[in-house]
Structure formats: C-alpha cells, structure tokens
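User: Could you walk me through this protein model, one question at a time?

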Amino acid sequence: MTSYKSLGVRPLINAYATVTKYGGSLMPPEVVSAMSEAAGAFVELAALQRRVGERIARLTGNEAAYVTSGAAAGIQLAGAAAVLHKQPEALKRFPDIAAFKNEAIIFRGQRNPYDYSIKAVGLRYVEIAGSMDDLRAAFSERSACVFWFHGALVSDDDPPLADLIAVAEGRDIPVIVDAAAQLPPVENLWRFTEMGAALALFSGGKDLRGPQSTGLMLGRRDLIDSIRPISNPNHGLGRPFKVGKEEMMGALAAVERYLKLDHGARAQYCEDVARMFCEALNPLPGVCAEREFPNEAGQPLPWCRVTVDPDALGKTADDLVQAFLAHEPGIAVSPLNETQFHLNPMTLHPGEEIVVRDACLKLLA
Ligand SMILES: *Cc1c(COP(=O)(O)O)cnc(C)c1O
C-alpha cells in the first residue's frame with residue numbers, strides 16, 4: 001500500500017499557514033477528480049496550456065493566463081518575459097543576457113529568498129530605497145522590468161503600487177507583482193492587473209488549494225505568449241518548470257472552485273475559531289491569547305497570537321512548537337519568537353480546531 005503511513009511519515013494538522021514545508025494546502029475533491037480524469041488520456045500539452053489559460057483568464061478578468069510550476073517559477077518566467085517580449089532574440093541566450101535590456105528594479109526592503117528567481121534569468125538587480133524619485137532615477141535604457149513583492153515585505157516607505165505602476169508602465173516598463181500568498185481576497189486575482197501591473201503571480205498550492213506544484217501567471221498576453229517558446233514542452237530556460245496535464249487541469253478546477261467559494265462563511269469560521277482559542281487559553285496561568293487581524297501574510301483573516309511566560313510554564317515558545325509537532329496527532333503551529341507563536345485557523349478542517357484546542361490545554365497547562 002502506497003501511503004504516508006507505510007513510509008513512517010506522520011500526517012500533521014496544519015495550524016500554521018499555507019506554508020510549503022508542510023505541504024501548502026489540501027486539494028479539495030473537485031481538484032483531485034479533475035487531475036484524476038486528466039491522468040486518463042493523452043493530450044497535446046501546449047494546446048491544453050492555451051485552453052486552460054484562456055479559461056482562467058476569462059474567469060479572472062485577465063487578458064491572458066498561464067499555469068506555472070509555482071509562483072517562484074512564475075517569477076523566473078515573468079523575468080524572462082520582460083526580456084523576451086521586446087527582444088525575442090534573447091530566446092537561446094538566457095542567462096547570458098548582458099547584451100539585452102537586463103535590469104530588474106527592486107525595492108531594497110522587499111529583497112527576499114524568492115528573488116533568486118530573478119537573478120537566475122540573468123537579470124541584474126537595481127536596488128532602490130523606496131521613493132518615487134528613487135524609482136525615476138533608477139530607470140535607464142537597460143530597464144527590463146520592476147518587481148513588486150506584495151504582502152508583508154511592503155513597507156510604509158515604499159510608494160503606493162498604483163503610483164509605481166503609472167510611472168513605470170508610462171515608460172513601457174512592465175511591473176511584475178509577486179502575489180504568491182495574496183489570496184484571499186479572491187479579488188486579488190484581477191486587482192493587480194486591473195491596476196495596470198503587466199503580470200501578477202500566484203501560488204496554486206496555497207489558499208487556492210490546487211496542486212502544490214502549480215502557480216498562476218495572470219496578465220498581458222504579449223508577455224505570456226513570449227515565454228511559450230522557452231517553456232514546456234519546448235526547450236530553454238522554462239523547460240525545467242514542467243507543468244503536466246494533471247496539474248493544469250487541477251489548477252483550473254481550483255480556480256473555478258475558489259471563485260464560487262463562500263468566502264464570507266470561511267472568514268466567519270476563522271473568526272469563530274480564533275475566538276474559541278482565545279476563550280480557551282486565556283484562563284491558563286502565564287498564557288495570553290489575542291486575536292490578530294489581518295494575519296502575517298496580510299490575508300484578511302484573523303489568527304490567534306499566543307504569548308507565554310516561560311518562567312511560569314517552564315517552556316519557551318520554541319519548546320512548545322516542538323511539543324505540538326511531537327503531539328499525537330502532530331500539529332504545526334506558526335513560530336514567532338521565544339515567547340510567542342500563532343495558531344492559524346485558515347488551514348484547519350472543521351473539527352480539527354477541537355483537537356488543536358485540546359492539545360493547547362494539555363501542553364500549556
Ligand atoms: C510562497 C511564496 C512564493 C513561492 O511560491 P511557490 O508557489 O511555492 O513557488 C513566492 N513569493 C512569496 C512572497 C511567497 O509567499
């Protein structure tokens with residue numbers, strides 16, 4: 001029997017977030033069945049990518065769409081698109097693109113481990129501090145694109161995204177928005193591109209609950225079309241980011257489901273669970289539990305911050321994070337520092353909140 005159990009791998013309850021290291025999210029039955037049906041027949045893969053893209057584009061109010069093998073692959077392909085759409089002769093040259101427009105403007109405060117994907121294209125970072133004047137000064141003959149990492153990394157010093165888009169797109173320099181974890185709200189599937197961003201990138205395996213190894217690239221058709229020749233099933237920079245027929249159909253099913261989802265009811269569940277955690281934990285000596293909104297990724301959902309007094313409990317927050325993992329069943333919670341961690345309802349299945357609460361009462365007593 002092929003199972004986690006047969007491998008000695010323990011399934012976990014996820015009270016952390018849609019983090020990649022614990023599997024992102026769980027695919028709902030409609031996604032699994034779309035993948036299963038796709039696995040039953042051969043198709044022409046490039047044609048399927050086009051048809052799936054057209055459907056996702058129509059559903060999300062975008063000009064075009066493309067299924068990537070994750071948002072990080074999307075960043076890399078988007079960087080390539082920024083070079084290729086005007087310089088198709090760069091096709092066979094990546095990552096040696098010094099002879100082309102090869103500068104990617106990026107905000108210093110938004111630098112993060114995912115931006116390696118930009119460098120992998122052969123693009124050179126032009127880091128700026130934050131203001132619109134810095135942005136204007138950074139533009140040159142070699143500017144290929146501006147990257148914007150939406151979410152927790154955006155600081156108050158960064159200019160409003162709408163202003164940045166107006167200035168950059170006014171110079172015909174594409175703005176690429178990494179919005180990997182910016183769902184919910186569902187409206188973000190069209191918000192950034194409606195604002196004028198050339199491309200917006202999302203993870204398929206986070207709150208969309210598509211296959212973990214998928215992502216969405218949404219936006220301008222000329223940019224998306226420019227990467228087809230270097231992407232699966234063709235050869236070049238994008239070939240290692242293969243997306244199979246099953247993943248394409250799973251991603252489509254996930255988008256269809258997400259658009260129909262009752263997001264209000266889902267947010268209410270998270271509210272109810274966050275309140276239940278607070279009410280259960282606050283009577284414990286040396287423990288303080290508070291509702292926080294929005295959550296760390298900026299998603300408009302509440303989560304619960306737990307502060308512990310290590311002297312009173314004889315355990316630090318780090319000890320507790322490990323104890324939750326070692327608990328039976330294992331529970332992943334979101335670590336913060338020596339005295340604090342978070343409990344996140346967004347990845348719980350109804351019913352699991354009781355298991356998490358009871359584990360808290362046991363481990364924090
Ligand atoms: C998760 C994440 C990514 C990577 O997304 P994958 O779909 O896992 O490749 C990129 N950027 C940010 C900000 C993320 O949160």
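The questions and answers below go through the domains, two helices, the cores and some backbone details.

User: Happy to start broad. How far apart do the C-alpha centres of domain 1 and domain 2 lie?

Analyst: Please keep in mind that this is a predicted model. The protein is divided into domain 1, residues 27-260, and domain 2, residues 262-364. Twelve residues of domain 1 are in contact with ten residues of domain 2. The distance between the C-alpha centres of the two domains is 33 Å.

User: Let's zoom in on α2. Around what arc of the axis do its buried residues lie?

Analyst: Helix α2 takes in residues 45-60 and reaches 22 Å from its first C-alpha to its last, close to the 22 Å expected at 1.5 Å a residue. Its buried residues are Leu-45, Leu-48, Gln-49, Val-52, Gly-53, Ile-56, Ala-57 and Thr-60. They sit on the same side of α2, because the arc they cover around the axis is only 160°.

User: Nice. Which elements are included in the cover over the buried residues of α2, and which residue with a positive phi follows the helix?

Analyst: The cover over those buried residues includes β2 (64-68), α7, β8 (215-219) and α9 (245-260). As for what follows α2, phi is positive there, near 65°, and the residue is Gly-61.

User: Now α9. Why does its span agree with what its 16 residues should give, and what do its buried residues pack against?

Analyst: At 1.5 Å a residue the 16 residues of α9 should span 22 Å, and the end C-alpha atoms are 23 Å apart, so the two agree. Its buried residues include Glu-246, Glu-247, Arg-257 and Tyr-258, along with Gly-250 and Leu-252. The buried residues of α9 pack against α1 (29-38), α2, β2, β8 and α10 (263-281).

User: Which residues touch the most other members of the largest nonpolar core?

Analyst: That core holds 42 residues. Apart from it lies another core of 34 residues, with Tyr-66, Ala-78, Leu-201 and Ile-224 among them. Leu-164 touches Phe-107, Met-132, Leu-135, Val-146, Trp-148, Pro-159 and Val-175, leaving out residues up to four places away in sequence. Those touching the most other members of the largest core are Ile-56, Leu-135, Val-146, Leu-164 and Phe-202.

User: Is Gln-182 buried or exposed, and which backbone oxygens lie by its side chain?

Analyst: Gln-182 is in the loop between β6 (175-178) and α7 (188-194). Its relative accessibility is 7%, so Gln-182 counts as buried. Beyond its neighbours within four places in sequence, its contacts are His-150, Gly-151, Asn-188, Phe-202 and Ala-297. A polar atom of its side chain lies 3.4 Å from the backbone oxygen of His-150, and one lies 3.2 Å from the backbone oxygen of Ala-297.

User: Where are the cis peptide bonds before Pro-233 and Pro-294?

Analyst: The bond from Asn-232 to Pro-233 is cis, with omega near 5°, and the bond from Phe-293 to Pro-294 is cis with omega near -10°. Pro-233 is in the loop between α8 (221-227) and α9, while Pro-294 is in the loop between β9 (287-292) and β10 (303-308).

User: One last one: how exposed is Asp-172, which has a positive phi?

Analyst: Asp-172 is not a glycine, yet its phi is about 65°. Its place is the loop between α6 (161-170) and β6. With a relative accessibility of 41%, Asp-172 counts as partly exposed.

Methods. Residues numbered from 1 in each chain as written. Predicted model: local features only at pLDDT ≥ 70, side-chain atom pairs only at ≥ 80, totals over all residues. Heavy atoms only, no water. Helix = DSSP H or I, 4+ residues; strand = E, 2+ residues; numbered from the N terminus. Buried < 20%, exposed > 50% of the residue type's maximum accessible area, 1.4 Å probe, protein only. Polar contact = N/O pair within 3.5 Å; in protein donor to acceptor, adjacent residues only side chain to side chain. Contact = heavy atoms within 4.5 Å. Expected span 1.5 Å × (residues − 1). Arc of directions from axis to C-beta. Core = buried A, V, L, I, M, F, W, Y, C linked by side-chain atoms within 4.5 Å. Domains from an automatic or database assignment.
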